[in-house]
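Let's take a walk through a protein together, one stop at a time. Have the picture open and follow along as you read.

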Amino acid sequence: MSPDILLLSQEETHPFYAGVNAYFTAPLLEGEPLPLEKFSAAPPLGITLLATSLNLRGWAAKPLYNFFSRKDEALRLAAALERRPFAACISTTHTFRPETTAAIAALVRRLAPDTALIVGGPGAEWNPALRPEGAFTALGPGEENLPALLAALKAGRDPAAVPGIIPPGGTAPATPPAPSSVMDSLPFPDWGLYPAAPSGVAVQGSRGCPRACGFCSYSAPYAARSAGAVLAEIRRNRDRWGISRFRFTDSDFAGDPARALEVCRGLEADGGAAWTCFARADSLLHPGLPEALRRAGCQWVFIGVESGSDALLAAMNKGCGREEMLAGIAAAKKAGLGTHGNFVVGYPGETGGTAAETLAFARSSGLDTVYFSPFQIRSPGIPALAGAQGGLSGGEGGWEHHTMSSAAALARAEEMIEEISADESAPLIASEALFSLFSGGSGEDYRKNVLDFHGALRSWHAARRAGSAAGMAGARERLRRHLQASEGGSGPSREAAL
Ligand code: SF4
């Protein structure tokens with residue numbers, strides 16, 4: 001029988017954003033517990049793809065996720081570890097705290113002491129603190145290096161000879177990671193690896209981004225799958241598991257208009273899909289594209305607006321100024337798409353004046369929902385462009401430049417959220433991560449659900465400011481209704497099950 005391989009992912013939010021995320025967490029967590037299982041219900045694409053790849057190569061791989069917050073997954077993990085798997089691989093795509101990867105490693109060691117430990121993903125690649133003691137670290141795309149590492153371990157060959165592998169205790173691989181393979185050679189994710197097929201999933205049409213915005217660590221390398229491969233995966237999800245709701249993870253779904261239109265034509269012909277995507281505002285100016293997105297079932301587009309200051313947008317190398325931003329937003333709205341704008345606060349050159357410009361822009365932009373996040377250094381080094389600007393210094397833990405510090409940017413972002421939230425005529429504060437909660441309804445129903453949920457968050461904060469306990473309780477009741485239809489397990493249970 002093939003040796004068991006476990007692919008493990010525990011989702012959490014980055015601690016740097018705790019201040020701005022308090023806008024969402026305070027109404028959800030303060031007071032009588034709300035049913036929060038939906039927040040951890042969606043299985044991650046990354047470990048699903050890795051498990052699929054390994055199984056196609058003859059291993060018996062099983063993805064497990066959010067086992068520290070879902071009882072059903074905690075029980076599955078306990079049972080899987082009892083079988084003493086050959087290897088346990090910890091993903092750091094959605095994990096940011098060293099104590100979390102250490103807790104997963106400790107759990108594996110306690111229940112399956114002989115199991116090989118491997119950690120991979122962008123977190124472990126950039127932050128050595130996320131690599132548990134005694135674990136191999138796999139750099140680069142897991143579909144390439146993980147099967148090679150497992151084969152070497154199984155055959156008793158030197159794992160350090162595998163490209164992109166750092167042995168336990170090491171700091172760098174002996175051989176650099178192999179370049180990424182052609183995206184179309186990736187398998188379609190096997191959502192049947194979970195006890196129940198999810199109702200909504202992520203679809204990855206491309207990785208990376210061909211642009212190079214100064215604050216962004218997601219810019220390279222860029223590789224896209226063909227429209228045909230993307231459509232084939234979506235049809236397979238629908239035919240095998242009844243999945244018709246999804247979110248494209250592409251950095252700019254509309255960035256290659258010909259490809260986007262081809263995907264949209266296919267989805268429109270199939271009918272019945274409901275989805276969201278990220279898109280640049282200037283990409284949405286391609287004639288007919290927003291309408292094609294809407295006809296194909298797109299419900300909400302997430303637009304990186306970043307700033308309301310033309311000077312700052314130019315400094316960021318955004319390649320898109322205020323007027324194009326407004327035109328792209330207007331085109332999406334005219335086509336009937338919900339629009340969300342993400343803003344970055346604190347890029348080198350940011351001042352109180354440019355932040356005020358951003359706030360004014362957000363208020364009058366016509367966007368349905370917005371979010372303000374502080375500029376952060378996520379990669380091991382400062383992004384090259386930002387590093388050359390404004391005397392920026394620091395790292396993941398904090399930074400400083402001539403006009404702002406990370407602490408000041410965080411405080412300003414929190415103030416901007418508070419100011420927009422207090423303005424009934426301004427867009428609602430929302431986070432892209434929350435949109436997967438709205439699994440029911442399409443078209444107007446979906447829009448109503450999104451706006452009512454985020455409207456309830458705004459009402460809770462208004463009641464908080466007014467000191468109205470009854471108002472806060474009423475807002476939480478509205479939130480409860482949206483969270484009630486659970487798709488997940490039944491609450492935190494690490495202690496109970498493990
Ligand atoms: S901000 Fe968006 S468009 Fe700019 S480099 Fe990052 S992913 Fe690409």
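Before we look at anything else, one word needs pinning down: a residue is called buried when its relative accessible area is under 20%, tested with a 1.4 Å probe on the protein chains only. Keep in mind, too, that what you're looking at is a predicted model.

With that word in hand, go to helix H3, which covers residues 71-82. Its buried residues are Glu 73, Ala 74, Arg 76, Leu 77, Ala 78, Ala 80 and Leu 81. You can also check the helix with a bit of arithmetic. The rule is to multiply 1.5 Å by one less than the number of residues. H3 has 12 residues, so it should span 16 Å, and its end C-alpha atoms sit 17 Å apart, which agrees. Just past the end of H3 you'll meet Arg 84, where phi is positive, at about 50°.

Now hop back to helix H2, residues 45-56, and find Thr 52. Is Thr 52 buried or exposed? Its relative accessibility is 7%, and the cut-off for buried is under 20%, so Thr 52 counts as buried. Who are its partners? Leaving out residues up to four places away in sequence, Thr 52 touches Pro 187, Phe 188, Pro 189, Asp 190 and Leu 193. With Asp 190 there's a bit more to say: the side chain of Thr 52 reaches the backbone nitrogen of Asp 190 at 3.0 Å.

Time to zoom out. The domain assignment splits out domain 1 (4-23 + 43-166) and domain 2 (200-438). Their C-alpha centres are 28 Å apart, and the contact draws on 14 residues from domain 1 and 22 residues from domain 2.

How do people put a size on a meeting place like this? Often they give the accessible area that is lost when the parts come together. For domain 1 and domain 2, about 1600 Å² is buried between them, with carbon and sulfur atoms giving 61% of that.

There's some polar chemistry here as well. Between the two domains, 4 residue pairs are in polar contact, counting pairs with both residues at pLDDT 80 or more. On the domain 1 side that touches domain 2, helices H1 (18-29) and H2 each supply at least two residues. The largest share of that side comes from H1, with 4 residues. The interface also has 1 salt bridge. And if you look for Arg 207 and Glu 143, you'll see their side chains meet in a salt bridge, N to O, at 3.0 Å.

Technical notes. Residues numbered from 1 in each chain as written. Predicted model: local features only at pLDDT ≥ 70, side-chain atom pairs only at ≥ 80, totals over all residues. Heavy atoms only, no water. Buried < 20%, exposed > 50% of the residue type's maximum accessible area, 1.4 Å probe, protein only. Polar contact = N/O pair within 3.5 Å; in protein donor to acceptor, adjacent residues only side chain to side chain. Contact = heavy atoms within 4.5 Å. Domains from an automatic or database assignment. Buried area = accessible area lost by both parts, 1.4 Å probe. Salt bridge = Lys/Arg side-chain N within 4 Å of Asp/Glu carboxyl O.
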